[in-house]
Amino acid sequence: MSQQFLVISGGELWLHEADGRSTQIVSPFAKEMLQREADRQRTTSWKHADREDSKGLIGPALWGRSAGGDGNLAPARFLHVCKAGEPRTIYYVMTVGRTVGLFRYQLDEQREIRLFHRQQTQILGLAYLPQTRHVVLAAMHGDGTAHLEVYDEEGTQKGAITHGDSIDAAPAAMPGAESTVVYQSWGLARNADSGAVVGLGQSAVHWVDYKAGEMDSLLDDKEWDFVAPRISEDRVLYSIRRPADKPLHEKAGGAAKDALLMPLRLGKAVFGYLNVFSMLYGKEPLRSAGGPRAPGLDQDLGSLWLHGRRIELSKVRNDPEYAGNLVPASWKLIAQAGRNAAPEEIASHVAQFDVQADGSLLYSNGYDIYHWQRGSARKLARRELVEGLLGL
C-alpha cells in the first residue's frame with residue numbers, strides 16, 4: 001500500500017506523495033518576514049558598512065554596528081505538524097527568528113492561514129481534536145513549567161487544561177473520544193526554600209478529558225522515560241521508551257571529592273536540563289555569550305535536541321550503540337494493549353513515529369522512514385535528521 005506522509009527534516013517540512021515524489025512546503029509568512037528583513041538590511045547597510053577612518057569615537061559603536069553578527073533573522077524552522085479536520089489540511093508550528101506562529105495549511109491549494117504569532121514563546125507539541133474542533137498546544141511558561149492549552153480553529157485561546165509543577169508536552173488526540181488528550185509529562189523538583197528547580201522526574205504518559213474534568217496515568221516507571229505517546233483507533237497505546245536519566249544526586253557521585261564538587265555539578269546539571277527545553281522548543285539558549293546573537297547560534301551543527309535529550313551527532317558515526325542511527329538502540333517503539341498488558345517492542349533506534357488509521361505505523365531512525373504493518377517493516381524514504389513524522 002502506498003503512503004503519503006509529511007516529514008520535518010532539519011527544520012524543513014516535506015510532503016511525500018504516494019507516487020514517490022517529494023515537495024518542500026514553504027511558508028509564505030516566513031518568506032515575507034525574511035524578505036522584509038533582507039530589505040531592511042539593504043536600506044540600512046550604510047550604517048554598518050566599514051569605514052576607512054573608523055577609529056576612536058566615530059566607529060562601529062556610533063554607527064550601530066556590532067561584533068556579534070549582522071542581525072539577520074534565523075531561517076524558518078518547522079517544529080510540529082498535525083492533521084486538521086479537512087482532508088489534506090494540516091496545522092503546523094513554525095519559528096522565524098524569535099517569532100513562533102501557529103498556521104493552518106491546505107496542501108492542494110498551497111494556501112497558508114496564520115492563526116497567531118508571538119515573540120519568544122516555546123511550543124512543546126501540537127494536536128487537533130476533530131469532534132470539538134479544538135487545537136491543543138503545549139506552551140512553556142517563564143517559571144519552567146509547561147501546560148496544555150486549548151484553542152479554537154481560528155487560534156483563539158479557550159484556556160489551560162493541565163496544571164501543576166510539571167512540563168507537559170507532546171499532546172495527541174484519543175480517537176473516538178470527544179475531548180481526551182494523551183501527553184507526556186515530567187515532574188519538577190524544587191528547592192523548598194528558594195523555589196529553584198533542582199531536578200526533573202522521569203517522563204510519564206497521562207490522559208486528560210478536559211470537558212469531564214478527569215485525568216489518569218497510563219505509563220509511569222522510574223526506570224523509563226515514555227515520550228511521544230499516540231493511541232490507535234483500537235485503543236492501543238504506542239510510545240518511545242528509553243532509559244530514564246539518573247537523578248541529579250546520582251550523577252554527582254558519592255566520594256568525598258565528589259561531595260565537595262556536588263553543588264557545582266548540581267547547578268550545571270539543572271541548568272543543562274532547563275537549557276534542553278529552551279533550545280529544543282524555542283531554539284533559544286539560556287546561556288548568552290554577550291552581544292547580539294547571530295543566526296548561526298540557533299542551530300548547533302554538532303548536536304540535536306530530540307524529545308528533551310541532546311544527541312551528539314558524532315556518536316551516530318562512532319558509537320556502536322547508535323550503529324549509524326540518530327538515536328541509540330535503547331530508544332524502542334513499544335505498543336501496550338492495556339494497562340496491565342506486557343509491552344510489545346516493535347522497533348529499536350526509533351526517533352519519531354506516527355500511528356495510521358488502519359493500525360499500521362510510520363517510524364524513523366532519524367534518517368530512514370519505514371512503514372510497519374503486522375510485524376513487517378518496509379522502507380519508504382530517507383531524509384536527513386528527521387524531527388517530525390505525520391501520515392496523511
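Two strands are taken as paired where DSSP finds at least two bridges between them. Strand 24 (residues 368–373) and strand 25 (residues 376–382) meet this criterion, because six bridges join them in the antiparallel sense. The model described here is predicted.

The hairpin of strand 24 and strand 25 has two residues between the strands. Gln373 lies opposite Ser376 of strand 25. Within this hairpin, Arg374 adopts a positive phi near 50 degrees.

The protein chain as a whole contains five helices and 26 strands. It has 392 residues, and 49% of them count as buried. Among contacts with a separation of 6 or more, 45% link residues 24 or more positions apart.

One open sheet brings together four strands in the order 3-2-1-26. Its pairing is antiparallel. The edges are formed by strand 3 (22–25) and strand 26 (386–391), each of which pairs on one side only. Neighbouring strands of this sheet are turned against each other by 25 degrees on average, direction ignored. Within the sheet, strand 1 (residues 5–9) pairs with strand 26 over five bridges, in the antiparallel sense. Ser9 has Val386 of strand 26 as its bridge partner.

Another open sheet, also of four strands, runs in the order 16-17-20-21. Here too the pairing is antiparallel. Strand 16 and strand 21 (344–348) are the edge strands, and each pairs on one side only. From one strand to the next, the twist averages 30 degrees. Inside this sheet, five bridges connect strand 17 (residues 237–243) and strand 20 (residues 332–336) in the antiparallel sense. Arg241 stands opposite Lys332 of strand 20. In a regular strand, side chains alternate between the two faces of the sheet.

Empty space in the model was also examined. Rolling a probe the size of a water molecule over the atoms shows where such space is left. The largest pocket holds about 1,100 Å³ of space. Its lining comprises 48 residues. Of these, Cys82, Leu126, Arg230, Asp354 and Leu390 lie nearest the pocket centre. The lining divides into 30 nonpolar, ten polar and eight charged residues.

Several elements each supply at least two residues of this lining. Among them are strand 8 (123–129), strand 12 (166–173), strand 18 (303–306) and strand 22 (352–355). Helix 4 (256–282) is another contributor of at least two residues. So are strand 16 (224–231) and strand 26. Strand 16 is an edge strand of the sheet ordered 16-17-20-21, whereas strand 26 is an edge strand of the sheet ordered 3-2-1-26. Strand 4 (77–83) is also on the list. With seven residues, strand 4 gives the most to the lining of the largest pocket.

Phe116 was considered individually. This residue belongs to strand 7 (residues 111–119). Its relative accessibility is 11%, which lies under the 20% cut-off, so Phe116 counts as buried. Beyond residues up to four places away in sequence, Phe116 touches Val100, Gly101, Leu102, Leu137, Tyr151 and Gly155. Glu154 is 38 residues from Phe116 along the chain, and their C-alpha atoms are separated by 8.6 Å.

Notes:
Residues numbered from 1 in each chain as written. Predicted model: local features only at pLDDT ≥ 70, side-chain atom pairs only at ≥ 80, totals over all residues. Heavy atoms only, no water. Axes fitted to C-alpha atoms, helices over the stretch in contact; angles between N-to-C directions. 1 Å grid on protein atoms, 1.4 Å probe; cavity = no way out; pocket = protein on both sides within 12 Å on 5 of 7 lines; lining within 4 Å. Points joined across faces, edges and corners; volume = space filled by probe spheres on them. Nonpolar A, V, L, I, M, F, W, Y, C, P; charged D, E, K, R; others polar. Buried < 20%, exposed > 50% of the residue type's maximum accessible area, 1.4 Å probe, protein only. Contact = heavy atoms within 4.5 Å.
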